[in-house]
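Trainee: Could you take a close look at one part of this model for me? Please keep it connected and brisk.

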Amino acid sequence: MAGTKVFVSSTCYDLSVLRAELRNFILSLGHEPIMSDYADILYDPRTHTHTSCVNEVVNCDLMVVIIGSRFGGTSVPQALEQIDLSKLKELSNGFLSGNEDTKISITQLEVLKAIESNIPVYAFIDKKVYYEHEVYEKNKKKNPDIINDIIFPAIEKQDTAQYIFDFINYIRLRTSGNQIFQFERLQDIEDILKKQWSGYFQKLL
């Protein structure tokens, strides 16, 4: 009997403990977590690992993305070719990076592939990061040039802050499926997923 596959997308090194606990939670519900750091993804030796991750997304039923303090690795061009940027730009009123002046992380690319494939995405953002995102938004509207002078303590590398915040905007300004949840600890994520998945499966039934 096939089970529900849940793709967990996030940076790994800084969130390894949370990912391990979230994996156990997903398993306890009878679902199958798909996570890059647990060899759940088929890494085709003929392609880059980023491409393998993106290709695995379409085989899943749901996605959970956790956005924290790190941007993560920048996706390689081969992996970027797996998504339709022009189509994705039509699915949100938010800014979408992806040209010679900007960049997309592999985590962000996985999420974009899920959105492109109409896979439900449950987005969780560290509460401190989301607060600083609001600071970014207010200052950006007031004076776009001052952004480079602001220090965001919740972001590990300051030169990636804009890319993280712009991606949060892309998710929250989607034309559908634009829900965002804030969290401080794993329990917050577990409680929300229990409620959301129970309601979602009831609606499908």
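Mentor: A residue counts as exposed when its relative accessible area is over 50%. Keep that cut-off in mind for the loops. The model is a predicted one.

Begin with strand 1, the part to look at closely. Strand 1 spans residues 5-9. Four of its five residues are buried, so the strand is mostly covered, buried being under 20% relative accessible area.

What does strand 1 pair with? One partner is strand 2, in the parallel sense, over three bridges. Here Lys5 stands opposite Glu32 of strand 2. Another partner is strand 3, residues 62-67. Strand 1 and strand 3 also run parallel, joined by four bridges. On this side, Val6 stands opposite Leu62 of strand 3. In a regular strand, side chains alternate between the two faces of the sheet.

Now follow the chain out of strand 1. Helix 1 covers residues 16-28. Together with strand 1 and strand 2, helix 1 makes a β-α-β unit. The unit is right-handed.

Strand 2 (32-34) leads into a loop, and helix 2 (49-57) lies at the other end of that loop. Ala39 is found in this loop. Look at its backbone: Ala39 has a positive phi of about 60°, although it is not a glycine. Is Ala39 buried or exposed? Its relative accessible area is 64%. That value is over 50%, so Ala39 is exposed.

Next comes helix 2 and its packing. The axes of helix 2 and helix 5 come within 8 Å and cross at roughly 25°. Angles under 35 degrees count as roughly parallel, so helix 2 and helix 5 are roughly parallel to each other. Their crossing is right-handed. Which residues meet there? From helix 2 come His50, Cys53, Val54 and Val57. From helix 5 come Ile106, Leu109, Glu110, Lys113 and Ala114.

Helix 5 (106-116) is followed by a loop to strand 4 (121-126), and Asn118 sits in that loop. Asn118 has a positive phi of about 60°, and Asn118 is not a glycine either. Its relative accessible area is 70%, over the 50% cut-off, so Asn118 is exposed.

Put the pieces together. Strand 1 is mostly covered and pairs in parallel with strand 2, and strand 3 runs parallel to strand 1 as well. Beyond the strands, helix 2 and helix 5 cross in the right-handed sense. In the loops, Ala39 is exposed, and Asn118 is exposed.

Methods
Residues numbered from 1 in each chain as written. Predicted model: local features only at pLDDT ≥ 70, side-chain atom pairs only at ≥ 80, totals over all residues. Heavy atoms only, no water. Helix = DSSP H or I, 4+ residues; strand = E, 2+ residues; numbered from the N terminus. Buried < 20%, exposed > 50% of the residue type's maximum accessible area, 1.4 Å probe, protein only. Pairing = 2+ DSSP bridges. Right-handed = clockwise from strand over helix to strand, strands pointing away. Axes fitted to C-alpha atoms, helices over the stretch in contact; angles between N-to-C directions. Parallel < 35°, antiparallel > 145°, perpendicular 65-115°, else oblique. Left-handed = near helix turned anticlockwise from the far one by under 90°. Contact = heavy atoms within 4.5 Å.
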